[in-house]
Amino acid sequence: MADRSGGSTGAAGVGPAVDGPDRVRNVVLVGHTGAGKTTLVESLLVATGTITRPGRVEDGTTVSDFEDIEHRQHRSVGLSVAPVEFDGAKINLLDTPGYADFVGDLRAGLRAADAALFVVSAADGVDGSTRMLWDECAAVGMPRAIVVTKLDSARADFDEVTAVCQDAFGDGDSDRVLPLYLPVHDGDGSVAGLMGLLTQRVYDYSSGTREVRDPEPEHLPLIEEARNRLIEAVIAESEDETLMDRYLGGEEVDVDTLVADLEVAVARGSFYPILASSTVNGLGSVELLEGVVRACPSPPEHEVPPVTTIEGKPREPLTCDPEGPLVAEVVKTTSDPYVGRISLVRVFSGTLRPDMTVHVSGHGLADRGHEDHDVDEKIGALSSPLGKTQRQMNRGIAGDVVAVAKLTRAETGDTLSDKDTPLLMEPWVMPDPLLPVAIEAHSKADEDKLSQGLARLVAEDPTLRLENNPDTRQLVLWCMGEAHVEVLLDRLRARYGVAVDAVPHKVALRETFAGKASGRGRHVKQSGGHGQFAVCEIEVEPMPNGGGFEFVDKVYGGAVPKQFIPSVEKGVRAQMARGVVSGHPVVDLRVTLVDGKAHSVDSSDMAFQMAGALALREAAAGSNVHLLEPVSEIGVIVSDDYVGGVMSDLSSRRGRVVGTEPVGVGRTLIRAEVPEVEISRYAIDLRSISHCTGTFSRSYVRHEPMPPQLAAKVKAETAH
């Protein structure tokens, strides 16, 4: 994020600042990959004079996409911030990646923002992933507006994309999704400007600069119906009943009053205005900026997430007050090779200042490698990030988004608060990573640096889970998808100098005896001096699923001396851990020691351990041993259009559907039990089957016998 060279992507020096949170607007740009979010940010940066000319995604010259992997892939892979100043307000533009693998950065952007600009391409419309992103915003109650981009495209049809947005986002009421502007075309049919429905003014961009003029008289009747519909919808959704009576009574309502009601309707999350944009000539940029400042809610209008004490006791709700108690949250963590760790922080209450000591607290993500911690840290410099460029700030007031240097312990999702009265903010919900990738260090030098590099990745990315599987002895990264894996391994190599190799992921199989068996272990060696002598006879029988291990002593007459009976058990347990046919642990077994022999001189603890292990192996050789595979219950939520395809696919994976039920409108939850070996890559396959409309969760249920033909294949592979 830091640019020591002075930064070619934006103005260096001092970042924009405001006196109060009411002059801040935090807006997150949301939309699927290719909708034009990053290009729209470039257009807004140029319109405000923040940069002199726009960069291009294809050239790797945009402010938002500054990582090497973003330049190579021509798409965003992480959250970035681009603050601009317009009409006395500071607008923090939060550019999020549109690809589903990076939903963690999307949710971080939603957490830091007070409103969402939902970017939809006029050429491509709304697809399944776009609808899922809309649901992501709706789930957290985010006020939304829609920006239609690429109006200059040959396939662009503003009326058609408006109808599509109304169908997709209106919840059955198309009057909740209406345009604030209509495109104005020139003689050859290209978009030359915009007609403001509220102002009844034309914003003409045909000359290359923005000119404001009155519409031609003959155009007013053409927009009358759209204007009346918009005004009635805004007044209705803002629930301004007095104004509605005045309007229906024929009174002319001034624009400022309508804009005030528009802001109320948007803030309530009941009305979603459509704006228009074309980056070729900057068309719509000023209108969009005006809409953000005048119609989007400011931080004081957005409820602060609940906070508790460190002990978990509820605290009275906070407000967005720069003079209130300090509560801020780390929404993104990155590491810079020059200045170290940089934390992107949303300040919800109080004021952050350089060199102050804050309390850093983080809880609830221990299962993903984030240890619970409560520490005091002195923060470093504050800055306003513009892509990778850091511009100095002397404070970060409530409502603002700032970058903080040198917080060595703070991780994404942690709370910063006053050291004397530490608080903990309710965390935002993170999706479970469901794609396992086993890795190994490429060389001994990489192995020495691996743990530190992985620790830093985990600190940066709460959607990553690190597992050191004791059963398979593999180091596993649980990721969101293949693109997520590629980015993680690239960062591990580029930032931390650690090369790793991906290896086949192993599922934790187990073994168990199918029936009763007996075995005799004889460990006798004579090599001069003290030898080794131990003989034991055991009987084994399977226990119910989940029954564990039981060792029973039924030796009579001291055939096995009492001091060596625990040695037999120890040897049996060791062999169970190593497996008896395929190298997987043996479970759910009762072993009974029934007889044996000992020597007064040559018997020892180690000898009887060896005999116990040999006895179990002999019992296995004379019995049928089942391979057990883990079975998970998965819950798949998918569009109704793809329920049949998903259920058919689950059946092909040896899955058993145990139930279905409707979830919301047009979606179904499918619950099924599926062997884990069949769903290692299901996070990827489900997207293909459901056209990016499906999500799933999984939880371990039990181990059960693997089909004989598959078990035989595993045993044969082990034998080789």
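# Exercises on a predicted model

Four strands form an open sheet in the order β25-β26-β24-β27, with antiparallel pairing. The model is predicted, and the exercises below start from this sheet.

## Exercise 1: the four-strand sheet

Find which strands stand at the edges of the sheet β25-β26-β24-β27, then describe how β25 is joined to β26.

Solution.

Step 1. The edge strands are β25 (465–469) and β27 (500–503), and each of them pairs on one side only.

Step 2. On average, neighbouring strands of this sheet are turned by 40° against each other, direction ignored.

Step 3. β25 and strand β26 (residues 474–479) run antiparallel and are joined by five bridges. Within this pair, Arg465 stands opposite Trp478 in β26.

Step 4. As background, strands of a sheet pair through backbone hydrogen bonds, either parallel or antiparallel.

## Exercise 2: the eight-strand sheet

Give the strand order of the open sheet of eight strands, and explain why one side of β17 and one side of β19 are left without a neighbour in the sheet.

Solution.

Step 1. The order is β17-β16-β22-β13-β14-β21-β18-β19, and the pairing is antiparallel.

Step 2. β17 (373–378) and β19 (389–393) stand at the edges and have a single partner strand each, so one side of each has no neighbour in the sheet.

Step 3. From one strand to the next, the twist averages 40°.

Step 4. Strand β16 (residues 357–362) is joined to β17 by six bridges, and the two run antiparallel. One residue pair to locate is Gly362 with its bridge partner His373 in β17.

## Exercise 3: a residue in β18

Decide whether Ser384 is buried or exposed, and list its contacts beyond its neighbours within four places in sequence.

Solution.

Step 1. Ser384 lies in strand β18 (residues 382–386).

Step 2. Its relative accessible area is 0%. Buried means under 20%, so Ser384 is buried.

Step 3. With the neighbours within four places in sequence set aside, Ser384 is in contact with Gly15, Pro16, Pro83, Lys90, Thr389, Gln390, Arg391 and Met393.

## Exercise 4: a hairpin

Describe how β2 and β3 are connected, and say how many residues of β2 are buried.

Solution.

Step 1. β2 and strand β3 (residues 89–95) pair in the antiparallel sense over seven bridges. In this pairing, Val84 stands opposite Ile91 in β3.

Step 2. The two strands form a hairpin with two residues between them, and Asp87 in the turn has a positive phi of about 50°.

Step 3. Six of the seven residues of strand β2 (residues 80–86) are buried, so β2 is largely enclosed by the rest of the structure.

## Exercise 5: an enclosed helix

Explain why helix α9 can be called largely enclosed by the rest of the structure.

Solution.

Step 1. Helix α9 spans residues 285–295 and has 11 residues.

Step 2. The buried residues of α9 are Ser285, Val286, Glu287, Leu288, Leu289, Gly291, Val292, Val293 and Ala295.

Step 3. Nine of the 11 residues are buried, so α9 is largely enclosed by the rest of the structure.

## Exercise 6: cavities

State how many cavities of 30 Å³ or more there are, then describe the linings of the largest and the second largest.

Solution.

Step 1. The count comes to five cavities of 30 Å³ or more.

Step 2. The largest cavity holds about 180 Å³ of space. Its lining has 20 residues, of which Asp105, Lys332, Glu460, Asp461 and Arg491 lie nearest its centre. The elements that give two or more residues to this lining are α3 (103–112), β13 (327–336) and α11 (482–496).

Step 3. By class, the lining of the largest cavity has seven nonpolar, six polar and seven charged residues.

Step 4. The second largest cavity holds about 60 Å³. It is lined by Ser64, Phe66, Glu67, Glu70, Gly78, Leu79, Ser80, Lys332, Thr334 and Arg495. Two of these residues are nonpolar, four polar and four charged.

## Exercise 7: a pocket

Find which element gives the most to the lining of the second largest pocket.

Solution.

Step 1. This pocket holds about 740 Å³ of space. Of its 31 lining residues, Phe158, Asp159, Leu182, Pro183 and His185 are the closest to its centre.

Step 2. At least two lining residues each come from α5 (158–169), β6 (177–179), β7 (181–185), β8 (191–196) and α6 (220–238).

Step 3. α6 gives the most, with six residues.

Step 4. By class, the lining has 17 nonpolar, nine polar and five charged residues.

Methods:
Residues are numbered from 1 along each chain as its sequence is written. This is a predicted model: local features need pLDDT of at least 70, side-chain atom pairs count only at pLDDT 80 or more; totals for chains, interfaces and linings use all residues. Side-chain values use heavy atoms; hydrogens and water are left out. Buried means under 20% relative accessible area, exposed over 50%, partly exposed in between (1.4 Å probe, protein chains only). On a 1 Å grid over the protein atoms alone, a cavity is a set of points where a 1.4 Å probe fits but cannot get out, and a pocket is an open set with protein on both sides within 12 Å along at least five of seven lines; lining residues have an atom within 4 Å of a point. Grid points are joined across faces, edges and corners, and a volume is the space filled by probe spheres set on the points. Ala, Val, Leu, Ile, Met, Phe, Trp, Tyr, Cys and Pro count as nonpolar, Asp, Glu, Lys and Arg as charged, and the others, Gly among them, as polar. Two strands pair if DSSP finds at least two bridges between them. Axes are lines fitted to C-alpha atoms, for helices over the stretch in contact, and angles run from 0 to 180 degrees between N-to-C directions. Contact means heavy atoms within 4.5 Å.
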